[in-house]
Amino acid sequence: MNIDLHIGARAFAMASTMWDKIALSPLFRVEQFESKIKKGSWFLTRDGKWWIKYPTNECRVIVETTYDRLPKRKFVFFDDAGSDKANCLQATYFMHKMAVRFKKIFNELDKSSWLNEKTRIYALGDGLYFTGHPLHLFRHTMAQYYLAATNWSLAYVASLGDGKIQRY
């Protein structure tokens, strides 16, 4: 999970991460398949694109420790079931299992203790978004983590997007 917290992977990319797509040296990087993006590559019965991502060194230490402790297998989160279709089913099962866990945790949070009203409204909305897509929380967490690390403001990031839109 720490890899995905640091790179903001989508749920399928998270669930189907493979050990041979993680390079620890000379530069720590992870190659993940994003199936929501239609680019013509196939992986685990889905159409999408491979992306190279660069998690933090803090994440690297966790990955090295985890690799030494887990049984040797192809996938980070599940055993290799043999066929592409069987592995895709295992990845889907993993995503569902994790979503159930996160829904339970989210529902048990003391939402009255959250930092401020804006945060509470954003996170809760009508209650359907995060209970319907709890693994998407990783992408939002990663974005907030990097905003804090860079000291960029949301207004600055929005201005980057506005400038791009105005050119087209």
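This briefing covers the fold, sheet, cores, surface and salt bridges of one protein chain. The model is predicted. The protein chain holds eight helices and four strands. It has 168 residues, of which 30% count as buried. Two nonpolar cores, a surface patch and a set of salt bridges are described below.

**Overall fold**

- From the N terminus, the order of elements is α-α-β-β-β-β-α-α-α-α-α-α.
- The protein chain therefore opens with two helices, passes through four strands and ends in a run of helices, as the order α-α-β-β-β-β-α-α-α-α-α-α shows.
- Take the contacts between residues at least 6 apart in sequence: 56% of them join residues at least 24 apart.
- The accessible surface of the protein chain is about 10,800 Å².
- Carbon and sulfur atoms account for 59% of that surface.

**The sheet**

- The four strands form an open sheet in the order β1-β2-β4-β3, with antiparallel pairing.
- β1 and β3 (41-43) are the edge strands; each has a single partner, so one side of each lacks a neighbour in the sheet.
- Strands in a sheet pair through hydrogen bonds of the backbone, in parallel or antiparallel fashion.
- β1 (residues 22-23) pairs with β2 (residues 29-34) over two bridges, in the antiparallel sense.
- A hairpin of five residues connects β1 to β2.
- A23 has R29 in β2 as its bridge partner.
- β2 and β4 (residues 46-53) run antiparallel and are joined by five bridges.
- One residue pair to look at here is E31 with its bridge partner I52 in β4.
- β3 and β4 also run antiparallel, with three bridges between them.
- S41 stands opposite G48 in β4.

**Nonpolar cores**

- The largest nonpolar core has 16 residues.
- Within this core, the residues with the most contacts are F12, F43, L44, F75 and L135.
- Helices α2 (11-15) and α4 (84-108) each supply at least two residues of this core.
- α4 gives the most to this core, with five residues.
- Which residues does L135 contact, leaving aside its neighbours within four places in sequence? They are A11, M14, M95, M98, A99 and F102.
- Another core lies apart from the largest one and has eleven residues, including I7, A13, W19 and V30.

**Surface patch**

- W152, Y156, V157 and L160 make up a nonpolar patch on the surface.
- Together these four residues have about 370 Å² of accessible area.
- W152 sits in the loop between α7 (137-150) and α8 (154-167).
- Is W152 buried or partly exposed? W152 is partly exposed, since its relative accessible area is 45%.

**Salt bridges**

- The structure has four salt bridges.
- E34 pairs with R10, and their closest N and O atoms are 3.6 Å apart.
- E34 is in strand β2 and R10 is in the loop between α1 (2-7) and α2, so this salt bridge ties together parts 24 residues apart in sequence.
- The two partners differ in exposure: E34 is buried at 3% relative accessible area, whereas R10 is partly exposed at 24%.
- The cut-off for buried is under 20%, so E34 falls on one side of it and R10 on the other.
- R10 and E34 also belong to a network of salt bridges that includes K53.
- R60 and E64 meet through their side chains in a salt bridge of 3.4 Å, N to O.
- Why are R60 and E64 about one helical turn apart? Both lie in helix α3 (residues 57-69), and they are four residues apart.
- E64 is partly exposed, with 30% relative accessibility.
- R73 forms a salt bridge with D79, with 3.5 Å between the closest N and O atoms.
- R73 is partly exposed at 23% relative accessible area, and D79 is partly exposed at 46%.

Terms used: Residues are numbered from 1 along each chain as its sequence is written. This is a predicted model: local features need pLDDT of at least 70, side-chain atom pairs count only at pLDDT 80 or more; totals for chains, interfaces and linings use all residues. Side-chain values use heavy atoms; hydrogens and water are left out. Buried means under 20% relative accessible area, exposed over 50%, partly exposed in between (1.4 Å probe, protein chains only). Contact means heavy atoms within 4.5 Å. Accessible areas come from the Shrake-Rupley method with a 1.4 Å probe; for residues, only the protein chains shown count as cover. Two strands pair if DSSP finds at least two bridges between them. A nonpolar core is a set of buried Ala, Val, Leu, Ile, Met, Phe, Trp, Tyr and Cys residues joined through side-chain atoms within 4.5 Å. Patches are made of residues with over 30% relative accessible area and no salt bridge: like charges are joined within 9 Å, nonpolar side chains (Val, Leu, Ile, Met, Phe, Trp, Tyr) within 5 Å.
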